[in-house]
Amino acid sequence: MTSISDREKLSYIAAQAADARVNVELETEGMTLNIGPQHPATHGTLRIIAKLDGEQVVAVDPVMGYMHRGYEKLAEVRTYPQVTTLINRIDWVGSFANEVPFILAAERLMEVEAPPRAQWIRTILFEMSRIANITLFLGDMGLQVGAVTPAFFAFRDREHVLNLIEAVTGGRFHPNFDRIGGIKDDLPAGWITETRRVMKKMRQYCDEIEALVEGNEIFQARTRGIGVIPADIGLSYGLSGANIRGSGVDWDVRRDNPCGMVHNETDWKVWTHPDGDSFARFWVRLQETRESTRIIDQLLDNLPSGPIMAKVPRIIKVPAGEAYVETENPLGVMGYYVISKGDLVPYRVKIRSASFNNISITPWLLKGVYVPDIITILASLYFILGDIDR
Amino acid sequence: MGLVPGLIKGLGVTGGTMLRTIFPDGLKKPIPNPVKGAETVQYPHEKESPPTRARGVIALHEENCTACMLCARECPDWCIYIEGHKEKAPPRRAGGKPRKVNAIDRFDIDFALCMFCGICVDVCPFDALFWSPEYEFSEPRIADLLHDKSRLAEWMETVPAFEAYEAGSEAKVKQVPPT
Amino acid sequence: MSASLNIIGELAYWQQTGIRVGAGLAAVLLIAGTLVYLHLFKLVSFMQSRLGPMEAGPFGSLQLLAEVGKFLQKEDIFPRKADRFVFAAAPFVVLMSTFLLVVVVPGGPDAWFIDTELGIYLAMAVSSISVIGILMAGWGSASKYSMLGGLRATGQLIAYELPLILAVIGVVIQAGTMNMQGIVFAQAEGSIFGWDGIGNPYILTQGVAFLIFMIAMQAELTQAPFDMPIAESELVSGYMTEYSGMRFLLFFIGEFATAGVFSAVAAVLFLGGWYIPGIDPNDNIMNVLGPLVMLVKIVGLTFVVFWARFTFPRFREDQLQKLAWKVLIPLALANIVVTGILKVAF
């Protein structure tokens, strides 16, 4: 981990200022560039209206909501088991992680706790969806700065993790596996051996990405000092996850507030990077993927035996009350605020999804950068559109 | 620009992957065989077998169904249509009273709406619904995705036996009823 | 072409021209096809652990025909506000530069298209024509993405023209001629410290120039890491964004044919062209073997081009300008100076 020199950072800022000065002197005319809603670089339908002066961005206006599906409202007319099917589709790349905070919130209201084996398996699948999610980011980041091959590597190796998730839950993308009071089913025979093999493979993939993307001088030139988020500004915009850890804030809900998850039973580390630039965010995510594979390995080592479901009535009626549970999802902190009036259905569900907050910093962050850097910075912020629009 | 080796290492990764794909057997048998070396599968010619639990299509074991409507009610997007009637069945023991049983007239699942969440299979108290990992049932016309009870019953043949659990599990392995 | 060499001299001028034009077309299109199939479809696929096209023909070898057929069927769309003439003509201008470039490349002692003293000078001159085509495409499309792409491409191509030419000058000084045939003969008849077993391919003495030439060539071809003008993740497809069907196909052919032709030029300049060590370069058999040798060298060089293209991320516009003006051009100039001094000294 090496910090960028101030010289590099300053030279970029100086170039920005010089260009801005030239634009003023020449009295150049601005141009509005519409990036999205359909554009190869925005995974989904995020629209970015960029006011350009030459290749320099004067102002940026992210427009979201093109894919709004109204899950908060839909959840009000779905029973608790049905809601998990909906919220699977929020962050569709690591979807098991979406279910967990909601289920935990419901469990807190019902005052049940999942048996240890269920918690263990839940944590394993949670970390696995993190790997499935961030693997994609690692390849996609390469693609966004112009290298095609890492994306293929990402899809190639992510497949193994998805196969594991499918072998347990039955669904590759939408597991719908978490239940109030436990999980739906136990692990199938032979799964643990297979998982260990795949985790080794994923560490190899991380090495490959490190050699192919992270170590590449061109990649570093493109990402170092680009899109620097100071820690205080990042926090005030509500950034979370690797985006804020890339700015040097040592904050991970998995370690600091582990409700119903057993990460702290293992020996693991929260990675941070002091720079706060695009490279730092990439670096932190790469280390986190490695760390996740290690967490899974350790959890498999001491997987307790026992039941997987607590005693829960067949028809779930959640007692009246309010609960807010947040977890460290692949994209950042995701929380569910569940209000129940003692009905079959929740009275209100507020979803705090990470990407919505992460993307809200763009107008501040993209001011003054060049057009190619818009894409680099957006890619490094890493959002899944379903997570923004819900 | 910094040092050059990062670029060379990158070339090494892609070049190495290329060689591994072309020569999957390594130096022992340097015969180009990319079909084996590639991670992809040539789909219509060779097929991957999904895991036993894969949620491909829902199969109906008609004898077990009592038209209790639980699945239809619990379905998040209400894509199950059931109609049934009561009918008399011969008594279990000789000389007993004729039993009343529920018979289904209609059991349709609209796979164009289905989200493959598996709640119907979960809630069925009589083990009438099963997941089959079969995935090739796409249709040119969307209306044909509405599978009626005879079509759903056909899928029963493709339902695999439930697999054993990992050590330390207390769950009981369920049985698939013979068709 | 080679078998009929003795006859060629006896043909009328228009017949000779016909044969040469036909051979030129074949050389460009066949090489482009080979490169697309071999590199883009197959080797690059292998780099990404996949197989590439497998359905059309054995191992997908006829996929290219299918692609061409698909492009030909597509509608030729003009954007509403496009400058129709400029928009329509741009791909032809780009392709023209490729076809003009190939004429200087020799394939054997008698297998040449034109044998002119200007040789490499002509090649460098006509290679710049594509800039005009790209600028036309970018401007004529009346699209912001195309325009940004076109402007980036123009800046980049002009910047990298210089190191390209300066790299060549080293070779020209050493060979003492600008004639491409002459350069090949100079390499074939040269010797390394008195040992003439493999002649003297200039990659040995002009290694720096070769490196600069390859980098500049990559930039001229707008392949990654220099594909900022196309930059599919931000500018959709750069100056090609608005093109479809036949005209897009022309750009596509232009891209890969130019890769082949530039590699051919590099092969002639640095790898010894068509000669085979141990065979008298004036032997008639070289007219048959020569083109094959060239093909092998072209495939080898383009492999490097595509390998880099699918491995590296792209430079930002200002970074690649910096690379051209601050690194490559001074290096090329230094190379010329050193070559000149050594040429005079020995």
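Buried area is the accessible area that two parts lose on being put together, summed over both. The exercises below apply this term and related ones to a predicted model.

**Exercise 1. Determine how much area chain A and chain C bury between them, and what share of it lies on carbon and sulfur atoms.**

Solution.
1. The area buried between chain A and chain C is about 2500 Å².
2. Carbon and sulfur atoms account for 60% of that area.
3. In terms of contacts, 33 residues of chain A meet 24 residues of chain C.

**Exercise 2. Identify the salt bridge between chain A and chain C, and state which elements of chain A supply residues to this interface.**

Solution.
1. One salt bridge is counted between the two chains.
2. Its partners are Arg316(C) and Asp373(A), whose closest N and O atoms are 3.3 Å apart. The pair qualifies because the cut-off is 4 Å between a side-chain nitrogen of Lys or Arg and a carboxyl oxygen of Asp or Glu.
3. Polar contacts join nine residue pairs across chain A and chain C, both residues being at pLDDT 80 or more.
4. On the side of chain A that touches chain C, at least two residues each come from strand S1 (31-35), helix H5 (116-144), helix H6 (149-169), helix H8 (217-223) and helix H15 (371-381).
5. S1(A) gives the largest share of that side, five residues.

**Exercise 3. Describe the interface of chain B and chain A by contacts, buried area and salt bridges.**

Solution.
1. Contacts link 38 residues of chain B to 43 residues of chain A.
2. About 3100 Å² is buried between these chains, with 51% from carbon and sulfur atoms.
3. In chain B, the residues that lose the most area to chain A are Arg53(B), Arg55(B) and Glu166(B), together 21% of what that side buries.
4. Three salt bridges are found across this interface. One of the salt bridges pairs Glu208(A) with Arg20(B), the closest N and O atoms lying 3.5 Å apart.
5. There are also 13 residue pairs in polar contact, both at pLDDT 80 or more.
6. Helix H1 (5-22), helix H3 (70-74) and helix H4 (119-123) of chain B each contribute at least two residues to the side that touches chain A. The largest share, nine residues, belongs to H1(B).

**Exercise 4. Locate Leu25(C) and explain why its accessibility admits it to a nonpolar surface patch.**

Solution.
1. Leu25(C) lies in helix H2 (residues 13-47) of chain C.
2. Its relative accessible area is 39%, so Leu25(C) is partly exposed.
3. Patch residues must have over 30% relative accessible area, and Leu25(C), at 39%, therefore meets this cut-off.
4. Together with Val21(C) and Leu29(C), Leu25(C) makes a nonpolar surface patch of about 250 Å².

Methods:
Residues are numbered from 1 along each chain as its sequence is written. Chains are lettered from A and ligands numbered from 1 in the order in which they are written. This is a predicted model: local features need pLDDT of at least 70, side-chain atom pairs count only at pLDDT 80 or more; totals for chains, interfaces and linings use all residues. Side-chain values use heavy atoms; hydrogens and water are left out. Patches are made of residues with over 30% relative accessible area and no salt bridge: like charges are joined within 9 Å, nonpolar side chains (Val, Leu, Ile, Met, Phe, Trp, Tyr) within 5 Å. Accessible areas come from the Shrake-Rupley method with a 1.4 Å probe; for residues, only the protein chains shown count as cover. Helices (H or I, at least four residues) and strands (E, at least two) are DSSP runs, numbered from the N terminus. Buried means under 20% relative accessible area, exposed over 50%, partly exposed in between (1.4 Å probe, protein chains only). Contact means heavy atoms within 4.5 Å. Buried area is the accessible area (1.4 Å probe) that two parts lose on being put together, summed over both. A polar contact is a pair of N or O atoms within 3.5 Å; within protein, one must be able to donate a hydrogen and the other to accept it, and residues adjacent in sequence count only if both atoms are side-chain atoms.
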